[in-house]
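Got the viewer open? Let's take a walk through this one, selecting a few things at a time and saying what turns up.

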Amino acid sequence: MYQLKNDRYIRAILRKPVDMTPIWIMRQAGRYLPEYKKIRAEFDNFLSICKNVDVACEISLQPLRRYNLDAAIIFSDILVVPDAMGLGLYFDEKKGPGFLYPVTCQADIKRLPIYDPEQELSYVMNIIRMICKNLKGSVPLIGFSGSPWTLAAYMVQNGSSKNFNKIKKIMYSDPIILHKMLDKITENIILYLNAQICAGINSIILFDTWGGILNYSAYREFSLYYLKKIAANVLRKNEISYIPTILFTKGCNQWLEDIADIGFDALGVDWGINIGDVRRRVGNKVAIQGNMDPSVLYASPQKIINEVKMILASYGKGSGHIFNLGHGINQDTAPENVSIFVDAVHNFSKQWH
Ligand code: 1CP
């Protein structure tokens with residue numbers, strides 16, 4: 001375990017004073033970077049990169065060499081959890097993720113195992129240990145998982161979906177069996193995140209990417225309930241410090257008060273809401289991550305800077321803001337624009353602290 005040299009990200013989540021607003025970028029290691037594409041071209045599939053400890057570590061570090069980011073994130077994917085549960089994950093170049101053995105019936109759900117993450121996901125723990133050795137505490141390392149609901153959606157739909165009809169059919173026709181599935185996924189996620197903490201990560205983010213397709217009561221019953229269980233059961237500290245947690249949701253801004261109440265330290269919000277309004281609504285309960293539209297990075301440098309200034313001003317004075325995009329960075333973003341973005345956040349946020 002290393003003492004952190006730059007702990008701006010951690011301090012901001014804990015709403016302690018900072019000299020400037022910290023920034024990291026969702027999907028910061030990935031397809032918009034030429035150095036990633038170069039490595040990617042040497043492998044025929046994405047999963048083999050995720051399982052290659054040296055390569056995944058190198059890719060995690062790439063964005064930090066280019067930009068003054070305040071955190072690193074492990075290079076992996078939320079779908080390695082269903083893979084470790086025996087579903088046989090693959091990534092099709094055109095169609096995206098899919099499973100050899102998707103969940104199609106009750107018997108499939110009954111068969112889902114509770115795994116040992118130190119066995120089934122040992123490669124992720126090895127990647128974490130290797131990144132930590134390289135970072136030597138220069139910035140915090142973020143670990144992550146998909147939310148139980150989001151993972152269940154992929155496992156039942158067999159990949160992505162436009163209307164999520166299959167999982168919604170189970171939800172409305174046999175909610176008890178869906179709860180059994182969510183229970184197992186939740187238990188596996190807690191084991192996974194606690195193993196990540198033991199391996200050395202400094203913070204956790206949960207991605208509830210598909211919570212926003214539900215109505216209010218279904219969101220509370222099938223997503224929020226399980227996220228609350230996770231917040232209550234992750235270790236929250238290692239030998240030397242507290243491990244702050246962020247919950248990222250998409251399309252859930254109408255339920256912010258509920259989401260702020262379940263025990264995460266920070267909420268990640270998309271760009272569908274003014275960040276000042278988020279702050280007013282959640283008060284002192286949580287810190288806020290976000291929330292620039294990733295498409296702003298297509299604009300001119302001056303427009304990017306203006307947008308950054310506007311979001312900083314909307315948030316207002318004081319700590320508790322972790323700057324980020326409102327969703328993952330687009331793969332056709334110009335890497336030069338990312339420098340302008342990151343530096344603008346640092347330069348123009350000083351006056352707010
Ligand atoms: O060929 C390639 O290069 C594969 C593209 C790719 C990459 C680079 C995928 C497939 N996943 C990733 C990496 C990844 N995914 C990271 C680490 C990179 C970083 O942040 O620096 C992380 C944190 C994720 C998380 C992830 N994967 C989410 C949650 C966050 C979000 O964006 O909402 C989700 C929903 C996924 C599923 C997934 N994996 C990959 C794709 C194309 C998808 C989306 C499928 C869909 O459209 O539903």
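## Stop one: a helix and its phenylalanine

Select F222, and you land in helix α12, which covers residues 216–233. Keep in mind as we go that this is a predicted model. Is F222 buried or exposed? F222 counts as buried, because its relative accessibility is 4% and the cut-off for buried is under 20%. Now add I259 to the selection and draw a distance between the two C-alpha atoms: F222 and I259 are 37 residues apart along the chain, and the separation comes out at 13 Å.

## Stop two: the ligand

Next, click on the ligand. The ligand sits in the largest pocket. Select the residues around the ligand and you should have 21 of them, with Y36, D77, Y154, S160 and H327 coming nearest. Color that shell by class and you get twelve nonpolar, five polar and four charged residues.

Which polar atoms should you look for? Start with the side chain of Y36, where an N or O atom is 2.7 Å from an oxygen atom of the ligand. Then go to H327: a polar atom of the H327 side chain lies 2.7 Å from a ligand oxygen. For R27, show the backbone too, since there a backbone N or O atom lies 3.0 Å from an oxygen atom of the ligand. Switch on a surface for this next bit: on its own the ligand has 890 Å² of accessible area, and the protein covers 87% of that.

## Stop three: the loop between α1 and α2

Stay on R27 for a moment. R27 is in the loop between α1 and α2. What is the phi of R27? Phi of R27 is near 65°, a positive value in a residue other than glycine. At 57% relative accessibility, R27 counts as exposed.

Now slide back to R15, in the loop between α1 (8–13) and α2 (34–40). R15 also isn't glycine, and its phi is positive, near 60°. Its relative accessibility is 35%, so R15 counts as partly exposed.

## Stop four: helix α9

Select residues 148–157, which make up helix α9. How many of the ten residues of α9 are buried? Ten of the ten are, so α9 is largely enclosed by the rest of the structure. Show the side chains to go through them: P148, W149, T150, L151, A152, A153, Y154, M155, V156 and Q157. You have already met one of these, as Y154 is among the residues that come nearest the ligand. Step off the end of the helix and you reach N158, which follows α9 and has a positive phi, near 60°.

## Stop five: two threonines

Pick T245 in strand β6 (residues 245–249). With a relative accessibility of 1%, T245 counts as buried. Where does its side chain make a polar contact? Add R236 and you'll find the two side chains joined by a polar contact of 3.5 Å.

For the other threonine, jump to T333, in the loop between β9 (321–325) and α16 (335–349). T333 counts as buried too, at 3% relative accessibility. Show the backbone of N330 here: the T333 side chain reaches the backbone oxygen of N330 at 2.7 Å.

## Stop six: a cis peptide bond

Select G290 and N291 together and look at the bond that links them. The peptide bond from G290 to N291 is cis, with omega near -10°. N291 belongs to strand β8, residues 287–292.

## Last stop: two more buried residues

Select L112, in the loop between α6 (106–111) and α7 (117–120). L112 has 7% relative accessibility, so L112 counts as buried. Add L87 and check the C-alpha distance: 8.9 Å in space, for two residues that are 25 apart in sequence.

Finish on I275, in helix α14 (residues 275–282). Is I275 buried or exposed? I275 is buried, with a relative accessible area of 2%. Bring in D7 as a partner, 268 residues apart from I275 along the chain, and the two C-alpha atoms are separated by 23 Å.

Technical notes
Residues numbered from 1 in each chain as written. Predicted model: local features only at pLDDT ≥ 70, side-chain atom pairs only at ≥ 80, totals over all residues. Heavy atoms only, no water. Near = heavy atom within 4 Å. Polar contact = N/O pair within 3.5 Å; in protein donor to acceptor, adjacent residues only side chain to side chain. Areas by Shrake-Rupley, 256 points an atom, 1.4 Å probe, with all protein chains shown as cover. 1 Å grid on protein atoms, 1.4 Å probe; cavity = no way out; pocket = protein on both sides within 12 Å on 5 of 7 lines; lining within 4 Å. Sits in = over half its atoms within 2 Å of the grid points. Nonpolar A, V, L, I, M, F, W, Y, C, P; charged D, E, K, R; others polar. Helix = DSSP H or I, 4+ residues; strand = E, 2+ residues; numbered from the N terminus. Buried < 20%, exposed > 50% of the residue type's maximum accessible area, 1.4 Å probe, protein only.
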